Amino acid sequence: MMRSLYAIYRKEMGHYFVSPVAYVVVAMFLFVSAYFFNLYVREIVEQSFGMPADFDAPAQVLRAFLGLLALLSLFLMPMVTMGLFAEERKRGTMELLMTSPIREADIVLGKFLASVTLFAVMLLPTGLYVVYIWFHTDPRAPLGIVLSGYLGILLFGSCLLALGSFISSLTENQLIAGALTFGLFLLLWALDFGSRGAESPLGQTVQYLSVIEHFEDFTRGIIDTSGLVYYLSFIVFFIFLTVRSIDSLRWRRA
Amino acid sequence: MIEVQDLTKAYGPVTAVDHVSFSVHEGEILGFLGPNGAGKTTTMRILTGYLPATSGTAKIAGFDVTTNSLAARRHLGYLPENPPLYPDLTVEGYLDFVLRIKNVPPDKRAARITDALEKTNLGDKRHELIKRLSRGYKQRVGLAQALVHDPLVIVLDEPTVGLDPKQIIEVRHLIKNLAGTHTIILSTHILPEVSMTCDRVVIINKGKIAAIDTPQNLTMQLKGAQRIVIEAQAPEKPLQELLAEISGAQSVEVSPARASGHVTATIEAASGKDIRSLVAAKVVEKGWPLYELRGVSLSLEDIFLELTTDDAEHAQESNESEKTK
């Protein structure tokens, strides 16, 4: 039922934007990303002297910047998701939600969508940097990379949030939830380093499973079906697990 | 309105609720009475759909809480043991959220909030953040949450915990006023609460129902026996012997009273015999000044102890309660 889903979504948004959570996370994100953006621009402009004429400096800056956004999300998103369910359980408000006429899926989706919204709000101001590049380069920076890159980062972040929701539903302890989310995601990311350039079927499978491997396609301006399928199934899978996990809370409580 | 059949809940080898059956009629207030760990909260959590039962069925407003859970929950208001509050919301914002997840249409929400705040005496805290409220106010916000959507059935787990005596009286009044239009189950370990507010009482112990009846009937059950307490200025031993001789006296306990030289004696008499005048005559005959003589009718408290404690424990506890008197 849309109405209950919206009720949860609305409450979560209120939680983010009434409390300092959102402001702290967004401010940190902007501060660090602005610093690095500045750094990348300078470095890549310097590099570009003495490079062949087809060296695409704006694309290089964008690519580096998008990579940075992904890395920053890896650090900040666990802080957003760790409380999603752990806090409700600890406070006892889970008992209110679960005895109200709403489905577990509404609770999970409402919370997930709210966290994705927070993530999008975080990303929004970084668009200013991209606009800056757009107006200060000749030829213009490639729009394709900008659009596919932002789609990629949004999908990448949503994966983080879905996994984080699931882990938060497993424990009452926020710190455990945050640390586990961060660790697991780092691991999924690192699969890429370990398997880069692998020829064997196993190596290729492992590489397919790496979250960052697909993201790199997006930063090159390619929207690959395989990447889309990977991210969407990742999200759906963990949302599904979260719903099951919330449902099983009734049975697990001893 | 509420039908519970053979409800059982086992946590591994421990049976928290053991084949419990009862029903609550529309508009009735049912009190759940029992020592800590008796299975009150577990029963309530099953009723509200928070926990699944191991076996047995429970129905709210005709809907099974397991197989038709959403429909059953639609008619339910529930105050858990710890009020489920969001500290960062205002009282009004919180109740608005509750109305939303209870599927109350938008045009009715404002009126429902005002009504609930009025009933729970929270009008002046409407715009206050919940985290700034005292324990008693938080408890009342929890109560407002349970009734804000005007449900048919209201389940209250220890609704007066954390309130001061004045607030307790207010809440009891509130609960009494809710009856009639709402069906209420409340749990408590405070006995007067049950006799004051409830139409019927379920006494539950170790997961099993020990008794179900009206508070009056439960009191009547044990009224057969009579208990007399006297205070006199007399030597303990001879007084004990004297009273024990009275025909009809089943047991006599003598202990020093607060005033020096005074003793109090508690006499349990067999049912149907009024031995008060006999006791008075005997004591006065001896020339011992008699300061007090009163008959004590057994309270719900005694019945409760009778039903929920083993005999040895019972004797000890009633001794203690005598002393504190």
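# Exercises on helix and strand packing

The axes of helix H3 (residues 91-101) and helix H4 (residues 106-119), both of chain B, approach within 10 Å and cross at roughly 125°. This is a predicted model, in which local features need pLDDT of at least 70, side-chain atom pairs count only at pLDDT 80 or more, and totals for chains, interfaces and linings use all residues. Residues are numbered from 1 along each chain as its sequence is written, while chains are lettered from A and ligands numbered from 1 in the order in which they are written.

**Exercise 1. Classify the packing of H3(B) against H4(B).**

Step 1. Axes are lines fitted to C-alpha atoms, for helices over the stretch in contact, and angles run from 0 to 180 degrees between N-to-C directions. Helices (H or I, at least four residues) and strands (E, at least two) are DSSP runs numbered from the N terminus.

Step 2. The crossing angle of roughly 125° makes H3(B) oblique to H4(B). Angles under 35 degrees count as roughly parallel, over 145 as roughly antiparallel, 65 to 115 as roughly perpendicular and the rest as oblique.

Step 3. B:Glu92, B:Leu95, B:Asp96 and B:Leu99 of H3(B) meet B:Arg109, B:Arg112, B:Ile113 and B:Ala116 of H4(B). Contact requires C-beta atoms, placed from the backbone, within 7 Å. By class, this contact of H3(B) with H4(B) has four nonpolar, no polar and four charged residues. Here Ala, Val, Leu, Ile, Met, Phe, Trp, Tyr, Cys and Pro count as nonpolar, Asp, Glu, Lys and Arg as charged, and the others, Gly among them, as polar.

**Exercise 2. Place B:Val104 and list its contacts beyond four places in sequence.**

Step 1. B:Val104 lies in the loop between H3 and H4 of chain B.

Step 2. B:Val104 counts as partly exposed because it has 18 C-beta neighbours inside 10 Å. The cut-offs are 20 or more other C-beta atoms within 10 Å for buried, 12 or fewer for exposed, and partly exposed in between.

Step 3. Leaving aside neighbours within four places in sequence, B:Val104 is in contact with B:Leu99, B:Arg109, B:Arg112 and B:His149. B:His149 is 45 residues away from B:Val104 in sequence, but their C-alpha atoms are 6.8 Å apart.

**Exercise 3. Describe the surroundings of strand E7 (residues 153-157) of chain B.**

Step 1. Five of the five residues of E7(B) are buried, so the strand is largely enclosed by the rest of the structure. B:Val153, B:Val155 and B:Asp157 are on one side, with B:Ile154 and B:Leu156 on the other.

Step 2. Strand E6 (residues 76-79) of chain B pairs with E7(B) in the parallel sense over four bridges; pairing needs at least two bridges found by DSSP. B:Leu79 has B:Leu156 as its bridge partner.

Step 3. Five bridges join E7(B) to strand E8 (residues 183-188) of chain B, and these two also run parallel. B:Val155 is partnered by B:Ile185 in E8(B).

**Exercise 4. Work out how H1 of chain A meets H3(B).**

Step 1. In total, 21 residues of chain A are in contact with 22 residues of chain B. H1(A) gives the most to the side of chain A that touches chain B, with six residues.

Step 2. The axes of H1(A) and H3(B) come within 8 Å and cross at roughly 155°, which makes the helices roughly antiparallel.

Step 3. A:Ser4, A:Ala7 and A:Lys11 of H1(A) meet B:Phe97, B:Arg100 and B:Ile101 of H3(B). By class, that contact has three nonpolar, one polar and two charged residues.

Note on methods
Two residues are in contact if their C-beta atoms, placed from the backbone, lie within 7 Å.
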